[in-house]
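I opened my notebook next to the structure viewer and went through it one stop at a time. Here is what I looked up, in the order I looked.

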Amino acid sequence: MGDGDVPAHEIVILPSEGEQRAPLRQQCLDVRIEVFHREQGFPLNTEIDAWDSKGATLFLLRLVPSHTPIGTIRGYKVPGSEYYKLGRLAILKEYRQFRLGRELVLALHAWIRADARASGSRGAHVDVVCESQIPVVAFYAKYGYAPEGEEFELDGAPHQKMVARLPLSD
């Protein structure tokens, strides 16, 4: 495979229940642990939270036909609010050159739009919030995220709240 050749891959949206969820969920967690804990040094106990067990929709990026997991992202609607949360975007280091993070963000945005419409959202747009590590603020800006408020520390690293307004009309 040459440097510019994007490997064959697929994005799987994990089922909310059933026998396939647990092993797919574990693959998402394994990617996050590799990126956030082993590579970036974040504490392991901050990586897995209640949203991973229930509530969040998890996306798994994997190679085909091997089904080797190489990336993940999660999203959920914040209870009692009108906005969604994007989080835990991780791509294994050796695959970052292929712009696969872009595909995960766009897949999550499509899911958020569909979920907002299905839940009867009457607004023209839906807000999506993420807590970006400072070095990747520019990445999120490419997809319509704008900084809101001051930088803050999260799990020992500087972060920036970023908000995107996704139009609900096509």
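**Entry 1: a histidine to begin with**

I started at H109 and asked what it touches beyond its sequence neighbours. Leaving out residues within four places in sequence, H109 is in contact with Y143, Y145 and L166. I then looked up where it sits, and H109 belongs to helix α3. Is H109 buried or exposed? It counts as buried, because its relative accessibility is 3%, and the cut-off for buried is under 20%.

**Entry 2: how far to trust it**

I reminded myself that this is a predicted model. The mean pLDDT of the chain is 91, and 97% of the residues score at least 70. I also checked the elements one by one: helix α2 (residues 50-53) has the lowest mean pLDDT, at 76, while strand β6 (residues 146-147) has the highest, at 97. A note to self: where pLDDT is low, the predicted coordinates should not be read in detail.

**Entry 3: helix α3**

Back to the helix that holds H109. Helix α3 runs over residues 100-118, which makes 19 residues. From first C-alpha to last I noted 27 Å, close to the 27 Å expected at 1.5 Å a residue. Which residues of α3 are buried? I listed L100, G101, L104, V105, L108, H109, W111, I112 and A116. After the helix comes G120, with a positive phi near 85°.

I followed the chain into the loop between α3 and β5, where R122 is found. R122 is exposed, because its relative accessible area is 81%. From R122 back to I112 is 10 residues in sequence and 14 Å in space, C-alpha to C-alpha.

**Entry 4: the nonpolar core**

Next I looked for the largest nonpolar core, which has 35 residues. The members that touch the most others are I73, L86, Y95, I112 and Y145. Which elements supply at least two residues each? They are α1, β2 (57-63), β3 (69-77), β4 (83-91), α3, β5 (125-133) and β8 (157-167). The largest share, 7 residues, comes from α3. Another core lies apart from this one; it has 6 residues, including V12, L14, L24 and L60.

I picked Y145 for a closer look, as it had already turned up beside H109. Not counting neighbours within four places in sequence, Y145 is in contact with L86, H109, V128, C130, Y140, M162, V163 and A164.

**Entry 5: the largest pocket**

How much space lies in the largest pocket? I wrote down about 930 Å³. Its lining is made of 34 residues, and those closest to the centre are F36, L89, Q133, V136 and Y140. I recognised Y140 from the contacts of Y145. At least two lining residues each come from α1, β3, β4, α3, β5 and α4 (137-141). Strand β4 gives the most, with 7 residues.

**Entry 6: a lysine in β4**

While on β4 I stopped at K85, which lies in that strand. Why does this lysine count as buried? K85 has a relative accessibility of 17%, and buried means under 20%. Beyond four places in sequence, K85 touches R74, G75, Y76, V78, V129 and E131.

**Entry 7: an alanine in α1**

For contrast I visited A22, in helix α1 (residues 21-39). A22 counts as exposed, because its relative accessibility is 51% and the cut-off is over 50%. Its C-alpha is separated by 20 Å from that of L104, a residue 82 places away along the chain.

**Entry 8: backbone oddities**

I kept the backbone for last. Most residues other than glycine have a negative phi, and most peptide bonds are trans. So I noted the exceptions below.

- V64 and P65 are joined by a cis peptide bond, with omega about 10°; P65 lies in the loop between β2 and β3.
- H67, in the loop between β2 and β3, is not a glycine but has a positive phi of about 65°. It counts as partly exposed, at 37% relative accessibility.
- D155, in the loop between β7 (152-154) and β8, has a positive phi near 55° and is a residue other than glycine. D155 is partly exposed, with a relative accessible area of 39%.

Key. Residues numbered from 1 in each chain as written. Predicted model: local features only at pLDDT ≥ 70, side-chain atom pairs only at ≥ 80, totals over all residues. Heavy atoms only, no water. Helix = DSSP H or I, 4+ residues; strand = E, 2+ residues; numbered from the N terminus. Expected span 1.5 Å × (residues − 1). Buried < 20%, exposed > 50% of the residue type's maximum accessible area, 1.4 Å probe, protein only. pLDDT = per-residue confidence, 0-100. Core = buried A, V, L, I, M, F, W, Y, C linked by side-chain atoms within 4.5 Å. Contact = heavy atoms within 4.5 Å. 1 Å grid on protein atoms, 1.4 Å probe; cavity = no way out; pocket = protein on both sides within 12 Å on 5 of 7 lines; lining within 4 Å. Points joined across faces, edges and corners; volume = space filled by probe spheres on them.
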